[in-house]
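Visitor: I am new to this structure and would enjoy a close look at a single part of it. Could you pick one helix and walk me through its surroundings?

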Amino acid sequence: AAPHRATEGCVMSITAVRRVNLRTQVLDQLREAILDGQLTVGEHLNETELASQFSVSRGTVREALRALEQAGLAESASHGRLVVRSFDVTEVTELYEVRSFLECGAAVRLARSTDREAKADALAEALPVEDPGDLSEAVEQDLAFHRRLCELSGNGLLLAKWLELQDQMRIVIVAGAMNEGADIPVIVTRANHEPLVRTLRSGGEDEIIRAFADHMSRAGSFWVSRMGA
């Protein structure tokens, strides 16, 4: 009897792992399609059609779509349809306010650490390069800098909350950057981030908070302005 129970347990475990992996693959592909613009704002995410395209069950697609909605990349529209999320001015403004709270807190934690200089050096290593090559890479380097700030804070919950917002940030930034044309916006350049590292090295807490809050405020205002471009 014991070997029989062990076999049943093994089969159930394998089935669960495969099911999760399949759902994750669908989720990852949908996420990438949204972030690179293949699936555009307001586009209907039809469960039946997607199941057919991915050659998976509707249940698997439904789970992936639920995860997209929880991540803030999809939203319910009329008649219960799920669509790729759009962001209005208020939502973008609030997103950057939350970023400001998180990143100002992270910067203060760095300033209070016993190895402040070493952490400032580590953050400097994450500065965007002078010539990122293209717009997509410039955006990724901008986000990588701010993610590194949160990592260096040493507060795992703070970092987790920042990461939860990362895809929403990317949608707003990439959409706005596309409206900017071929030019790389100043707001994501190395020159716009270097003053933050300098302030972090030697500034007092109030000065650091002002610098990072102003950086986020200007960034939020810039991307809001690009929404109407």
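**A close look at helix H9**

Guide: In the protein chain of this predicted model, residues 24 or more positions apart account for 73% of the contacts with a separation of 6 or more. The chain has 9 helices and 2 strands, and along the sequence they follow the pattern α-α-α-β-β-α-α-α-α-α-α. Of the 229 residues in the protein chain, 40% are buried.

Let us take helix H9, which covers residues 205-227. How far apart are the end C-alpha atoms of helix H9? They are 33 Å apart, and this agrees with the expected span because 23 residues at 1.5 Å a residue should also reach 33 Å.

Next, look at which parts of the helix are covered. The buried residues of H9 are Ile208, Ala211, Phe212, His215, Met216, Ala219, Gly220 and Trp223. As you read those numbers, one general point helps: an α-helix has 3.6 residues a turn, so residues three or four places apart point the same way.

Now for what surrounds some of those residues. A search of the whole structure finds 1 cavity of 30 Å³ or more. The volume of the largest cavity is about 50 Å³. Its lining is made up of Tyr96, Arg99, Asp142, His146, Ile187, His215, Met216, Ala219 and Trp223. H9 gives the most to this lining, with 4 residues. At least two lining residues come from each of H4, helix H6 (135-152) and H9. His215, Met216, Ala219 and Trp223 thus appear in the lining of the largest cavity, and they are also among the buried residues of H9.

Met216 leads us across to a neighbouring helix. Leaving out residues up to four places away in sequence, Ser100 touches Ala213 and Met216. Ser100 sits in helix H4, which runs over residues 89-112. Is Ser100 buried or exposed? It counts as buried because its relative accessibility is 12%, below the 20% cut-off for that word.

Helix H4 also has a part in the largest nonpolar core. That core has 60 residues, and those with the most contacts inside it are Leu30, Leu45, Leu65 and Leu68. H4 gives the most to this core, with 9 residues. In general, nonpolar side chains tend to be buried together in soluble globular proteins. To see the setting of one of those leucines, look at Leu65: apart from neighbours within four places in sequence, it is in contact with Leu30, Leu45, Glu47, Leu50 and Leu82.

While you are looking at buried residues, you can also find two cysteines. Cys104 is buried, with a relative accessible area of 8%, and Cys150 is buried too, at 1%. The count of disulfides comes to 0.

Back to H9, which has a share in another space as well. The largest pocket holds about 400 Å³ of space. Helix H1 (2-35), helix H7 (156-179) and H9 are the elements that give two or more residues to its lining. In total, 23 residues line the largest pocket, and Val41, Ile171, Val174, Ala175 and Gly176 lie nearest its centre. The largest share of this lining, 8 residues, comes from H7.

Just before H9 in the numbering you will meet helix H8, residues 190-202, where Arg190 has its place. Arg190 is partly exposed, with a relative accessible area of 23%. Which residues does Arg190 touch, not counting those up to four places away in sequence? They are Leu127, Pro128, Val129 and Glu130. The C-alpha atoms of Arg190 and Val129 are separated by 6.1 Å, although the two residues are 61 residues apart along the chain.

For contrast with the buried side of H9, finish with two loop residues. Ser55 lies in the loop between helix H2 (47-54) and helix H3 (58-70), and it is exposed, with a relative accessible area of 66%. His79 is found in the loop between strand S1 (74-76) and strand S2 (82-84), and it is exposed at 80%. Most residues other than glycine have a negative phi. Ser55, however, has a positive phi of about 60°, and the phi of His79 is positive as well, near 60°.

Methods:
Residues are numbered from 1 along each chain as its sequence is written. This is a predicted model: local features need pLDDT of at least 70, side-chain atom pairs count only at pLDDT 80 or more; totals for chains, interfaces and linings use all residues. Side-chain values use heavy atoms; hydrogens and water are left out. Buried means under 20% relative accessible area, exposed over 50%, partly exposed in between (1.4 Å probe, protein chains only). Contact means heavy atoms within 4.5 Å. A disulfide is a pair of cysteine sulfur atoms within 2.5 Å. A nonpolar core is a set of buried Ala, Val, Leu, Ile, Met, Phe, Trp, Tyr and Cys residues joined through side-chain atoms within 4.5 Å. The expected span of a helix is 1.5 Å times one less than its number of residues. On a 1 Å grid over the protein atoms alone, a cavity is a set of points where a 1.4 Å probe fits but cannot get out, and a pocket is an open set with protein on both sides within 12 Å along at least five of seven lines; lining residues have an atom within 4 Å of a point. Grid points are joined across faces, edges and corners, and a volume is the space filled by probe spheres set on the points.
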